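Got the viewer open? Grab your selection tool and follow along, one stop at a time.

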Amino acid sequence: MTGQSRPKIPEPIKLAVRQKCRFACVNPECRCPIWDYEHIVDFAIVKEHREDNIVLLCPTCNQARKGSQFSRGRIAEWLQVLSNQTRPERLFFDFPTVDLGGNFVTSACTQSAYVFQIGHSYLHISSDNMASSINAKFWNKNGELSLAIEDSRYTIYTDVWDINYIRGSKVKNTPGVLTIKNGPGDTFLEVEFDSNNNRIGVYGQFWPADDCCLAIQRNGIYAGETLLSRNCAVQGTALAFWVRDGSPLYSAVGPIYGVYNVINAECCGILKTTVGFVWDIAFLLDPKRRCTLGGLKGIGVIGQRILG
Ligand SMILES: [Zn+2]
């Protein structure tokens, strides 16, 4: 809308909307975990935020609604279906295991565990009223913030983003799959919501610096062709996997002992450190030459103090 900016939706109303929609897109055929607050009757008409006029809709369903494929009555029916569920489907769970390309992060020790951070970009799982929610930011190759997801609420800033969700099935034991494309055919991020196994799987590719592609594949995390980490487990860290870009975070403490510039790490267990694995962007650009600690295999790091 144009003209004066509208007031923000009050937090108690937002919480009530999330709860009535059960923390996902209100369409029972969709249930996408990435959504925005949408007014059923336009705010420009009603000029107020009322809980009974707001629902959660994913980008796809919101586009369909704008194209008049979903009527107001249809949305009311969906809300009725959700409120009639005596045992609501558990889309999210408390403290799921995050599977980053065959590396496993459990967040049981923290309220909000960062599982990955690349320069400004990050991905972490936080807790929202006994339901986990997803947080992520994505920069395009020009260094512009293009997509942000905050507590599962998305904001699109630039580019043509394609966000698609295929619902999982308990009967067929298949996870829900969220796909975020950077353009036609260019899959940027794939997230599996596997409620049967209390697991969130993350796969994709990121550009922490020019010409540096970091790929989370099914069988490991790679910088270009170089394997960085496979079958490693990280638990109870503030930050599990971190790609440094010279940002001041933790820089005062110098190298992260033992896990600094880790390459070819396989089957390692890291417990209760401040940071699990650290990779530098410069190191990723030229991993062979700058590697100071290579071939880390089968090593367990427990209770290491890094700060303070
Ligand atoms: Zn939807």
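Start by selecting Arg153, which sits in strand S9 (residues 153-156). Keep in mind that you're looking at a predicted model. Is Arg153 buried, exposed or partly exposed? It has 17 C-beta neighbours inside 10 Å, so it counts as partly exposed; the buried label would take 20 or more.

Now show what Arg153 touches. Setting aside neighbours within four places in sequence, its contacts are Trp35 and Asp36. Add Ala24 to the selection too: Arg153 and Ala24 are 129 residues apart in sequence, yet their C-alpha atoms are 9.8 Å apart in space.

Next, hop to Leu56. Ala24 and Trp35 turn up again here, since you'll find both among the residues Leu56 touches. Beyond four places in sequence, its other contacts are Val17, Arg18, Cys21, Cys25, Val26 and Tyr37.

Leu56 is also your way into the largest nonpolar core, a set of 57 residues. Highlight Cys25, Leu56, Leu100 and Val115, the members with the most contacts inside this core. Then colour strand S18 (residues 239-244), which supplies the largest share of the core, 5 residues. Where does this core lie relative to domain 1 (11-84) and domain 2 (97-302)? Both domains give residues to it, so it lies between them.

Last stop: helix H4, residues 72-84. Put a distance label on its end C-alpha atoms and you should get 19 Å; that agrees with the 18 Å its 13 residues should span at 1.5 Å a residue. H4 is hardly covered, with a count of 1 buried residue among its 13.

How values were computed
Residues are numbered from 1 along each chain as its sequence is written. This is a predicted model: local features need pLDDT of at least 70, side-chain atom pairs count only at pLDDT 80 or more; totals for chains, interfaces and linings use all residues. Helices (H or I, at least four residues) and strands (E, at least two) are DSSP runs, numbered from the N terminus. The expected span of a helix is 1.5 Å times one less than its number of residues. A residue is buried if 20 or more other C-beta atoms lie within 10 Å of its own, exposed if 12 or fewer, and partly exposed in between; C-beta atoms are placed from the backbone. A nonpolar core is a set of buried Ala, Val, Leu, Ile, Met, Phe, Trp, Tyr and Cys residues joined through C-beta atoms within 7 Å. Domain bounds come from an automatic or database domain assignment. Two residues are in contact if their C-beta atoms, placed from the backbone, lie within 7 Å.
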